[in-house]
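Colleague: I should like to go through this model with you before I return to the bench. Could we begin with the empty spaces?

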Amino acid sequence: MTAVGTRMLRKEDPKLLTGEAKFIDDIQVPGQLWMAMVRSTMAHARIAGVDTAEAESFPGVHAVYTGAQLQDMDLWIDALPCAWPVTDDMVNPPHFPAAVTEVHHVGEIIAVVLAESRYQAADAVEGVVVDYEPLEAVASIDAAIAGEATAHSEHDSNKAYHWPLIPDPDALEAAFADAAHTIAAEFVQQRLIPTPMEPRGVLAVPSPHGGDITLYSSTQVPHILKVMLAATTGLAESKIRIIAPAVGGGFGAKLNINPDEILAATLANRLGRPVRWTESRSEAAFSTHQGRGQQQRIELAADADGKLLGCRVHIDADMGAYMMLIGPGVPLLGSFLYTGVYDVPAFGFTCDGYFTNLTPTDAYRGAGRPEASYAIERAMDILAGEVGLDPVEIRRRNYLAGGEEFQDLTVASTLVFDSGHYGPSLDLALEMSDYEGLRAEQQRRRDAGESIQLGIGLCTYVEMCGLAPSRVLAGLNYAAGGWEHATVRLLPTGKVEVVSGATPHGQGHETSWSQIVADKLGVDPADVTVLHSDTAMSPLGLDTYGSRSLSVGGVAIAMACDKVIDKARQIAAHQFEASPEDMEFTAGTFAVAGSPDKSVTIQEVAFGAFTAHDLPDGLEPNLQEQVSFDPPNFAFPFGTHVAVVEVDETTGNVELVGYTAIDDCGNQINPLIVEGQVHGGIVQGAAQALWEVANYDDDGNCTNPSLLDYLVPSAMEVPNFKTGFTTTPSTSNPLGVKGVGEAGTIGSAAAVINAVCDALSGYGVRDIQMPATPQRVWRTIRDAKGGAA
Amino acid sequence: MEVELTINGRVYSGEVEPRTLLVHFIRDQLGLTGTNIGCDTSSCGACTIHVDGESVKSCTMLAVQARGADITTIEGLAGDDGLHPMQQAFMESHGLQCGYCTPGMVMAATSLLSENPNPTESEVREGLEGNLCRCTGYHNIVKAVMAASGGAS
C-alpha cells in the first residue's frame with residue numbers, strides 16, 4: 001500500500017490541537033530578562049537626545065540602553081545583512097540593530113529596556129524620553145522619485161538601484177513599432193502587513209561558562225540565521241545553536257535577520273542571562289518587514305488577431321528605509337514571469353528600487369511573482385477589451401505551445417519552463433466553475449437592471465518556485481545557494497530518522513516526508529521521525545521559503561533513501577553470498593531473485609549494519625546516507641483560477657461569492673495538504689485585492705497597524721472553494737514535483753480584480769486599484785457615470 | 001491581588017496585579033500555554049477559552065474578573081480516551097496548518113455547537129467571525145465544524 005499520493009492525516013496535528021506544541025512565547029527559562037523596545041515615533045529625524053534616567057528607576061528594570069550605548073558596547077562587528085545586492089552599485093546604507101544619530105522609519109529601535117517581567121519592560125519603555133529634530137520624511141514611492149527630500153540625509157537621491165532584463169532591445173522596439181494593438185496600464189502593488197497569526201519572538205539563552213549560545217526564534221530561517229548571526233556579531237558559528245520551535249505561520253514575514261534577534265543574542269551573551277522579546281501585533285507593522293510596495297507599468301503589443309508581439313514592464317519598487325535580507329531582489333524574482341503563460345517573442349523589464357522612510361519591504365507570499373501574474377493577467381483583460389476578444393479567447397490564442405503539453409521550453413525572459421499544459425487547465429476551470437452558467441446569470445441581472453452585478457474574473461498563471469539552482473543565484477548576485485540537504489538513517493531497532501534542512505511552519509513536512517520515505521524504504525510512515533528546525537539536530541540546510549521544501553528538500557530525502565537502499569542491498573547480498581544485482585527490493589524486503597525464502601527486511605539489515613558483525617569488505621558500519629541536492633532548474637507550477645464577485649452598485653461593496661482553482665503542482669505527495677495550501681493562498685491574494693493595505697500618512701506614519709483596521713479576512717468574508725488539479729510532472733527533479741505554497745496567492749489577486757472590473761464593464765470601467773474598497777468601487781462607478789450618483 | 005479559579009477541573013490560585021490580563025495569568029503564571037495571543041485589539045480570537053460555559057477572549061478579561069470562575073482551556077478538551085470530537089474533526093478535515101489559531105478556533109467552535117448544535121455553513125462562518133486564521137482560508141475549518149456537528153458539508 002503506497003503512502004505517496006494519499007490524503008494521510010497529519011502527524012503534526014495532535015500536539016497542535018491539544019495545546020501541547022510549544023511556540024516561542026510558551027518557552028520559559030529561569031532568570032530570563034524581558035526586552036522591550038523604544039521605537040521611533042518619527043519617520044525621519046535626528047536623535048537629539050535619549051533620556052533614560054526615569055525609566056531606569058522603574059520597578060524590575062535591569063538596564064536601559066540607547067543606540068549610542070549599544071554601539072559603544074561593541075556587540076556586533078557588522079550591520080544587518082543584505083544577502084541580495086542586486087547590482088554592484090546598489091546603495092546599501094548600513095542598518096544596525098539600533099539607531100544612533102538618525103532614525104529612518106517609524107518603529108526603528110532607539111533604545112532597549114531589559115526588565116524582570118513583560119509588563120515591567122513595557123512600563124519602562126513609556127518612561128524613556130526621546131528628543132527628535134524632525135527631518136523631512138519621504139513617505140511614498142512618488143515622493144522618493146521626485147527626490148525633493150532624501151530618506152537618508154547623507155544621500156543625494158533615493159534611488160537604490162536600476163536593474164534591467166532586456167534580452168533583445170531591438171526586437172522589443174520593433175514589436176511595439178509594428179503592432180496593430182498596444183495597451184499600457186499602471187498598477188499599484190500596495191504595501192501589505194504579512195500578519196502570520198503568531199507574532200515574532202526571540203529567546204536567547206547564553207552559557208556564560210560554556211561560551212555557547214542558543215537562540216530560539218519564531219523564524220523560517222534557522223540555518224540562515226545561524227550563519228548571519230555569526231557574520232554580524234563575530235560570535236563563533238560553531239558556538240551558535242538556533243532553534244525554531246513550533247512556528248505559527250511565516251508567509252515570508254519570518255524570512256529575515258532582524259534587529260531583535262541580534263540584540264537578544266548579543267545582550268544575553270554579554271549579560272550572561274537569557275533575554276527574550278515577543279512582538280505585539282501593533283508593533284509588527286514596524287518591527288517586521290512589509291510585503292509588496294511597487295508601482296508597475298506594463299505595455300503589451302499585439303497583432304490584429306490579438307496575438308502578443310511584445311511585453312514591456314517597468315517597476316518602481318519601494319525598499320523602505322533599509323535593504324533587509326532579500327528585499328532588493330523581491331521585485332526581480334517576478335521579472336522573469338511578466339509574460340506569464342503566453343508566447344511572447346519580445347520582452348523587456350526594468351526595475352528601479354527606491355528608499356523611503358517607511359518600514360523596510362521584503363518577501364511576502366509569492367515575493368515578486370504575484371505582482372507579475374497580476375500585471376500580465378490584468379493587462380490581458382485590458383487587451384481583450386481593446387482587441388474585442390473574450391478574456392478566455394485571448395488567453396487561448398496566446399498560450400505557450402498553443403496550450404499543448406510541453407517540456408523544457410525557453411521563454412522570452414530566458415527562463416526554461418520545466419513543463420506546462422495550459423489548455424486542459426483552462427478547460428477544467430471553465431467547466432468546474434460553470435463559466436457558461438455564470439455568464440448567463442450575469443447577463444440576466446444586467447438585462448433586469450439589478451443593482452447587484454455579477455463579475456467573473458479569470459487568471460491563468462505560472463509561477464517559478466523551488467528556489468533555486470545555485471549557479472543561477474550566482475548570476476543574480478544572490479549571496480547564498482539554493483540546495484537542500486537531507487540525511488536518512490535507519491536505527492538499530494528499525495525505526496527511521498530523517499533529518500531535513502527544510503523548516504516547516506504549517507506545511508506538514510513531517511507528514512509528507514514520512515510518506516516519501518515510507519514508499520521508498522517500505523516502512524510504515526508511523527515509524528518515520530522527521531528532525532528539523534534545530535541546527536544541532538539538522539546542521540545543514542537553507543530553510544523554507546519560495547515553495548522549495550518539496551521540490552528541493554523532499555527530493556533530497558528521496559535521493560538519500562535511494563543511497564540507503566543501495567548500501568542495504570550490498571549488505572543483504574553479502575548475507576546470502578549473492579551479488580547486489582541479484583537482490584530484489586520490494587515493500588521493505590530484500591530477496592534473492594528467484595529464491596524468495598532467501599530474504600531479509602531492511603530493518604534487519606539496519607541492525608546488521610549497527611552490529612557490523614558481518615559486513616562486506618570496504619563497507620562502513622551504520623545505515624545512514626546524506627544528500628545535498630542542488631536543483632538543475634526552478635519548477636513552474638501553473639493554473640487557472642476563476643473568481644466570482646457580486647458588486648453592489650449602490651454601496652460599492654464587493655462580495656467574493658465563488659472561487660474555482662485548477663492548479664498543477666506536478667506529482668502530489670499529499671493532496672489534503674496541497675488543497676490546504678491552495679485555500680490559504682487564495683485568501684491572501686483575495687485579501688490584497690479587496691481588503692488589505694498598510695496605510696501611510698504624509699509624515700510616514702502607518703495609520704492602521706492593528707487588526708482593528710488592517711483587514712485580514714475572517715470566515716465571513718470568503719466562500720468555499722472548488723479545487724481541481726491537473727498533473728504535469730516537473731523535469732527539474734526525479735520526483736516530478738513542483739511547489740504549491742504560494743501558487744494560490746499568485747493566482748487570486750488578478751482573478752478577483754478581473755472579476756470586479758468585469759462586473760463594472762458595463763460602465764466602461766477598465767481598471768480599479770487594489771484594495772477595491774466599497775469607497776473606491778462606489779467612486780469608480782460614479783466617475784464612470786459622469787459624476788452622477 | 002489574590003485570584004482563585006478552576007481550570008479544566010483543577011483549582012488554581014495566584015497573585016496578580018489588577019491589570020494582569022487573564023490570558024497572561026493562564027499562560028505565564030499557571031503555565032497553561034495552549035491558549036495563544038495573536039493580537040492586541042481583541043480582534044483575532046486566538047486566546048478564546050470557556051468561562052462559566054461561555055466562549056470568552058481571555059485577552060479582553062482581567063484575571064481578577066475571573067475569580068471563582070469555572071474555566072476550560074484547550075488543554076482540558078481531550079480526555080483519557082483521546083481527542084475531543086471537535087479536535088478529531090479538525091484533524092480529519094485538515095482544519096489546521098500552523099496550529100496557532102487552532103486552540104482558540106476549537107474552543108470557539110465547541111461553544112458555537114453547544115449553542116447551535118446543527119448550524120448551517122453560513123452560521124458557522126458567522127459564528128467564527130471573531131477567530132482569524134491566516135493559513136487555511138477557512139474552507140476546511142468550516143468543513144471540520146460541520147462534520148463535528150453531524151451536518152453534511
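Modeller: Let me define the terms beforehand. On a 1 Å grid over the protein atoms alone, a cavity is a set of points where a 1.4 Å probe fits but cannot get out, while a pocket is an open set with protein on both sides within 12 Å along at least five of seven lines; a lining residue has an atom within 4 Å of a point. Grid points are joined across faces, edges and corners, and a volume is the space filled by probe spheres set on the points.

Colleague: And what are we looking at, in terms of source and numbering?

Modeller: This is a predicted model, in which local features need pLDDT of at least 70 and side-chain atom pairs count only at pLDDT 80 or more, whereas totals for chains, interfaces and linings use all residues. Residues are numbered from 1 along each chain as its sequence is written, chains are lettered from A and ligands numbered from 1 in the order in which they are written, and side-chain values use heavy atoms, with hydrogens and water left out.

Colleague: How many cavities of 30 Å³ or more does the structure hold?

Modeller: There are eight cavities of that size or more. The second largest cavity has a volume of about 150 Å³. It is lined by 17 residues, and His95(A), His105(A), Pro259(A), Phe286(A) and Ser287(A) are the closest to its centre.

Colleague: Which elements give two or more residues to that lining?

Modeller: They are α8 (259–271) and α9 (284–287) of chain A. Helices (H or I, at least four residues) and strands (E, at least two) are DSSP runs, numbered from the N terminus. By class, the lining of the second largest cavity has six nonpolar, eight polar and three charged residues. Here Ala, Val, Leu, Ile, Met, Phe, Trp, Tyr, Cys and Pro count as nonpolar, Asp, Glu, Lys and Arg as charged, and the others, Gly among them, as polar.

Colleague: Turning to pockets, what is the volume of the largest pocket?

Modeller: The largest pocket has a volume of about 900 Å³. Its lining holds 41 residues, and those nearest the centre are Thr278(A), Glu279(A), Ser280(A), Glu283(A) and Asp40(B). Two or more residues come from each of β1, α4 and β12 (275–278) of chain A and from α1 of chain B. The largest share, seven residues, is from α4(A). The lining comprises 19 nonpolar, nine polar and 13 charged residues.

Colleague: And which residues are closest to the centre of the second largest pocket?

Modeller: Ala139(A), Ser140(A), Ala694(A), Asn695(A) and Tyr696(A) are the closest, out of 36 lining residues. The volume of the second largest pocket is about 720 Å³. α5(A) gives the most to its lining, with four residues.

Colleague: Now the interface. How many residues of chain B are in contact with chain A?

Modeller: In chain B, 47 residues are in contact (heavy atoms within 4.5 Å) with 55 residues of chain A. The two chains bury about 4400 Å² between them, 57% of it on carbon and sulfur atoms. Buried area is the accessible area (1.4 Å probe) that two parts lose on being put together, summed over both.

Colleague: How many salt bridges are there between chain B and chain A?

Modeller: There are five, a salt bridge being a side-chain nitrogen of Lys or Arg within 4 Å of a carboxyl oxygen of Asp or Glu. One pairs Asp123(A) with Arg19(B), at 2.6 Å from N to O. On the side of chain B that touches chain A, α2(B) gives the largest share, four residues. That side divides into 19 nonpolar, 17 polar and 11 charged residues.

Colleague: What does Arg118(A) form a salt bridge with?

Modeller: Its partner is Asp25(A), with the closest N and O atoms 2.8 Å apart. This pair links distant parts of the chain, 93 residues apart: Arg118(A) is in helix α4 (residues 118–126), and Asp25(A) is in the loop between α1 (13–17) and β1 (33–39) of chain A. Over all chains, the structure holds 40 salt bridges.

Colleague: Finally, the backbone. Where is the peptide bond cis?

Modeller: The bond from Met770(A) to Pro771(A) is cis, with omega near -15 degrees. Pro771(A) lies in the loop between α20 (743–759) and α21 (774–784) of chain A. The bond from Leu467(A) to Ala468(A) is also cis, with omega near -5 degrees. Most residues other than glycine have a negative phi, and most peptide bonds are trans. Asp434(A) has a positive phi, near 55 degrees, and is found in the loop between α13 (422–432) and α14 (435–447) of chain A.
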